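User: Could you take a close look at one part of this protein for me? I'd like to get to know a single strand and its surroundings.

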Amino acid sequence: MTDAYAEGRTLVLLRHSRAEQAEDVPDADRPLTARGRADAEAAGAWLAKHGLLPDVVLCSTSRRTRETWHGVAMGMTGAPPEGGSAGPRPEVRYSEDAYEAHPEDLLALIRRVDPSARTVLLVAHNPGISLLSALLDPQRADPDGLRTTDLAVHRSAPGWADLDRGGADLTDRYTARS
């Protein structure tokens, strides 16, 4: 991490993992596929390897995002997020506002994070999550957006309440694929 980010914040954006395409299940209730579960754990292992363990997790209330977070937590710690490990215990907030959200809605969720939090993980959906990444760093964001189980790491010097357009450099990206 460069000196400009030494006192800054890290925002990790994660598009949920691959979900079942069941027509008889409401969209919000679609579960992850076996590949999606494996990819979520791989994403968690990558975060742990790179020291990107979140202080706060903001997660959509849909089943696929909750299952993605569960897999990420397993990958980071080797144990379920409910406990059983000495690993990280972030504050987890499930928000209906993150489901089908516009980038400005997601940014509003982030702006409400406690200023003492250094790393925030946001687990959400397209197109909002991809558009948020592009809003934060229009020069480096992938024009094709985030794919399933894509992580986009943004770093920002100002606090969460001051995060705005163009205010968080995209410094790393990872796509989990099993």
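Analyst: Here is a walk from one strand out to the parts around it.

First, some ground rules: this is a predicted model, where local features need pLDDT of at least 70, side-chain atom pairs count only at pLDDT 80 or more, and totals for chains, interfaces and linings use all residues. Residues are numbered from 1 along each chain as its sequence is written, and side-chain values use heavy atoms, leaving out hydrogens and water.

Let's start with strand E1, residues 9-15. Labels like this come from DSSP runs numbered from the N terminus: helices are H or I with at least four residues, strands are E with at least two. Seven of the seven residues in E1 are buried, and buried means under 20% relative accessible area with a 1.4 Å probe, protein chains only (exposed is over 50%, partly exposed in between). In a regular strand the side chains alternate between the two faces of the sheet. Here, Arg 9, Leu 11, Leu 13 and Arg 15 point one way, while Thr 10, Val 12 and Leu 14 point the other.

Who sits beside E1? Strand E5 (residues 150-156) runs antiparallel to E1, joined by six bridges, and Arg 9 stands opposite Ser 156 there. Strand E4 (residues 119-124) pairs with E1 in the parallel sense, also over six bridges, with Val 120 as the bridge partner of Leu 11. To count as paired, two strands need at least two DSSP bridges between them.

Now on to helix H4, residues 128-136: seven of its nine residues are buried, so the rest of the structure largely encloses it. Among those buried residues are Ile 129, Leu 132, Leu 135 and Leu 136. What covers them includes E1, helix H3 (103-111), E4, E5 and strand E6 (169-175).

In the loop between E4 and H4 you'll find His 125. His 125 is buried too, with a relative accessible area of 5%. Its side chain makes a 3.4 Å polar contact with that of Ser 62; that term means a pair of N or O atoms within 3.5 Å, where, within protein, one must be able to donate a hydrogen and the other to accept it, and residues adjacent in sequence count only if both atoms are side-chain atoms. Not counting residues up to four places away in sequence, His 125 also touches His 16, Arg 64 and Tyr 99, among others, a contact being heavy atoms within 4.5 Å.

How confident is the predictor? The chain's mean pLDDT (confidence in each residue, from 0 to 100) is 91. Over residues 1-6, though, pLDDT stays under 50.

Terms used: pLDDT = per-residue confidence, 0-100.
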